[in-house]
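Here's a quick tour for anyone opening a structure like this for the first time. Take a look at the picture, then follow the bullets with it beside you.

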Amino acid sequence: MTAELRAEIEAHMALYPERRSAALPALQAAQRVHGWCSPEAIEEVADVMGVTPASLEAVATFYDMLETEPVGRHSVYVCTNISCSLCGADELYQAMRTAAEGDPDFNVRPFECLGACDIAPMASVDGVYVGPLSLGDVPALLDDVRTGRPVLPEKQLARRPCADLEDGS
Amino acid sequence: MSAKLLLRDIDEPGLNTLSVYERRGGYASLRKALQMAPEDVLAELEASGLRGRGGAGFAMGKKVSFLPKGSMDKYLVCNADESEPGTFKDRELMQKSPHMLLEGLVIASYAAGATRSFIYIRGEYVLQADMLDAALGEAREAGYVGEQILGSEHSLSLVVHRGAGAYICGEETGLLDSLEGKRGNPRLKPPFPANQGLYQGPTLINNVETLSTVPTIIRMGGAEYAKLGTETSTGTKLVSISGHVRRPGNYEIELGIPSREIVYGLAGGPPQGREVKCWFPGGSSSPVLTAEDLDVPYDFDSLAKAGTMLGSGAIIVIDDSTPIVELALKVAKFYRHESCGKCTPCREGTNWTVEMLERIDSGEATPMDLDIMTSVCEHIIGNCLCVLGDAMAMPIGSMIAKFRPEFEAHIEAARAHNDLVLARPAAVHEGALLAQGAV
């Protein structure tokens, strides 16, 4: 295991009264290095944390963002919960899946409510929220990821003003 | 209607930074609170009548008062695992005004005598967690968080803890287990977290919006805050509105205004030519209401009286273009996916509800199945460690009760369609063969 990863996990452990609390941040850190929570990754984390690999595996299988199988390094979570699906998210997900098919770099997943129903239908692309998305946005979105550009800058949630503008500023 | 307390400066450029937040009067409430005795701060919170903004609507001041006195380690945990479908209010607060949450959290910790605190934020909120971490760094530097805050006797450690994607971690005891590094399975209650919570210690758990309201209460005074809203639902509330509306987003309303004003006045109602078919008043866990209920005042008690709940303040509007079975299936599938599997009624009940709804859609159900589904829902409610199962049973039950004719029509139509298909193959097959000149 790399010294950086070990140091990161130890730093997380130091934040909590009980080191076990660092399980999620530690697994997330290991996933960033290994690409997924592989048996080797889990063993490394267990070794640093002083817990059993089995206890960490139990944790890893519980959470949607921890991958327990190898996946593409770019995650595209398409929200397909109620509000997004009312606005066409199921078609969006299918289109995204089809467009990314065969590209091993992508991990396109349908996801439960991502908490951005105001930009429905939307997706979280490597953690960046974009929406509202149309089917026509799919090629540009994937292209931005492939070339390492910011994803659909105009549609990023970070730029969106609050809807409640009455009396605003 | 225009009482803007939480969203007053929300789009002020740089509000996420300490300098702008302070320029807008930030951290003055913390200074004021630290001059007061903790009991007096608690008294202000109680006088405000503030009810929890996460979903349960429990009086915040009372919750604080449940913590035992004494010098043991006490914890304050901010529930920022906003995952209730339709809800995105805490996201906007954390992203744009993180210091308001930090200030409220420090004040609440002072009132509760808590010295260690955590913000458990859902892992998907990457931007918001980064904003919080940056704000926390500034707040520490300025002496608002840490040892002997602003020269007082009060000290507080604070860690921003990122989840990893699990709806159940928004349930307070599931959250505690998750924060302890385990699977997020809810715990048996009692003991309640106020007595035995995080690391078995007394723990106060509050939602982001609840804590973000605390600085305002200290600034205005609890009694003054209580004048806003209704007698039992005081103050303002952020409402996240989405689905079939023209202007989805977060709006701050004074509790008690007619729901119609939110759905039509603020959010613009459904698109041209469409009508409201039904709406969730408080996230997907709340029983649905119909267009006839749009004049119900939007507050805790009025919505409870109407047979539903204010929940997290997330209104999802569904217009008349959506089949009710499709909606029910979406809802049920979500809870099936998120059920932690610990309690049988929830694990099996959510699964069988999905199976039966799929049967309705595929033409394999009879109207009697609606009674079985209702019975399944009734047997989930109140029979599990937490309310996740109830959160599916209540809306599904309400849909069947309010749209039964549509469910029955769907069953009949799907069956009739199947009959046609069953009757057809021979003819179609023959036709196809004929066309190919095989016979």
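**A first look at the two chains**

Let's begin with how chain A is split up: it has domain 1 (3-60) and domain 2 (74-159). Keep in mind that this is a predicted model. Chain B is cut into domain 1 (18-223), domain 2 (238-317) and domain 3 (324-422).

**Chain A on its own**

- If you count up the secondary structure of chain A, you get 7 helices and 4 strands.
- Walking along the sequence of chain A, you meet them in the pattern α-α-α-α-β-α-α-β-β-β-α.
- The centres of domain 1 of chain A and domain 2 of chain A sit 29 Å apart, going by C-alpha atoms.
- Picture a box of roughly 50 × 45 × 30 Å along the principal axes: that is what the C-alpha atoms of chain A fill.
- Chain A has 169 residues, and 46% of them are buried.
- Now take the contacts in chain A between residues at least 6 apart in sequence: 55% of these join residues at least 24 apart.

**Where chain A meets chain B**

- The contact between the chains draws on 41 residues from chain A and 52 residues from chain B.
- On the side of chain A that touches chain B, α2 (23-34), α4 (53-60) and α5 (82-86) of chain A each chip in at least two residues.
- Sorted by class, that side of chain A has 23 nonpolar, 10 polar and 8 charged residues.

**Domains 2 and 3 of chain B**

- The centres of domain 2 of chain B and domain 3 of chain B are separated by 23 Å, again going by C-alpha atoms.
- Where these two domains touch, 7 residues of domain 2 of chain B are in contact with 8 residues of domain 3 of chain B.
- The domain 2 side of that contact splits into 3 nonpolar, 4 polar and no charged residues.

**Two helix pairs in chain B**

- A handy bit of background: two packed helices are described by the angle between their axes and the distance between the axes.
- For the pair α6 (residues 98-112) and α7 (residues 126-141) of chain B, the axes come within 9 Å and cross at roughly 60°. That angle is why α6(B) counts as oblique to α7(B).
- The crossing of α6(B) past α7(B) is right-handed.
- On the α6(B) side the contact is made by B:Pro98, B:His99 and B:Leu102, while α7(B) brings B:Met131, B:Leu132, B:Ala135, B:Leu136 and B:Ala139. Together they come to 7 nonpolar, 1 polar and no charged residues.
- The other pair is α5 (residues 89-96) and α9 (residues 208-220) of chain B, whose axes come within 9 Å and cross at roughly 50°. So α5(B) and α9(B) are oblique to each other.
- This time the crossing, of α5(B) past α9(B), is left-handed.
- Here B:Lys89, B:Asp90, B:Leu93 and B:Met94 of α5(B) meet B:Val208, B:Glu209 and B:Ser212 of α9(B). By class, that gives 3 nonpolar, 1 polar and 3 charged residues.

**One residue to find: B:Tyr264**

- You'll find B:Tyr264 in helix α11 (residues 259-266) of chain B.
- Why does B:Tyr264 count as partly exposed? Because B:Tyr264 has 17 C-beta neighbours inside 10 Å, and a residue needs 20 or more to be buried but 12 or fewer to be exposed.
- B:Arg247 is 17 residues away from B:Tyr264 along the chain, and their C-alpha atoms are 9.4 Å apart.

Definitions and conventions. Residues numbered from 1 in each chain as written. Chains lettered and ligands numbered in written order. Predicted model: local features only at pLDDT ≥ 70, side-chain atom pairs only at ≥ 80, totals over all residues. Domains from an automatic or database assignment. Nonpolar A, V, L, I, M, F, W, Y, C, P; charged D, E, K, R; others polar. Axes fitted to C-alpha atoms, helices over the stretch in contact; angles between N-to-C directions. Parallel < 35°, antiparallel > 145°, perpendicular 65-115°, else oblique. Left-handed = near helix turned anticlockwise from the far one by under 90°.
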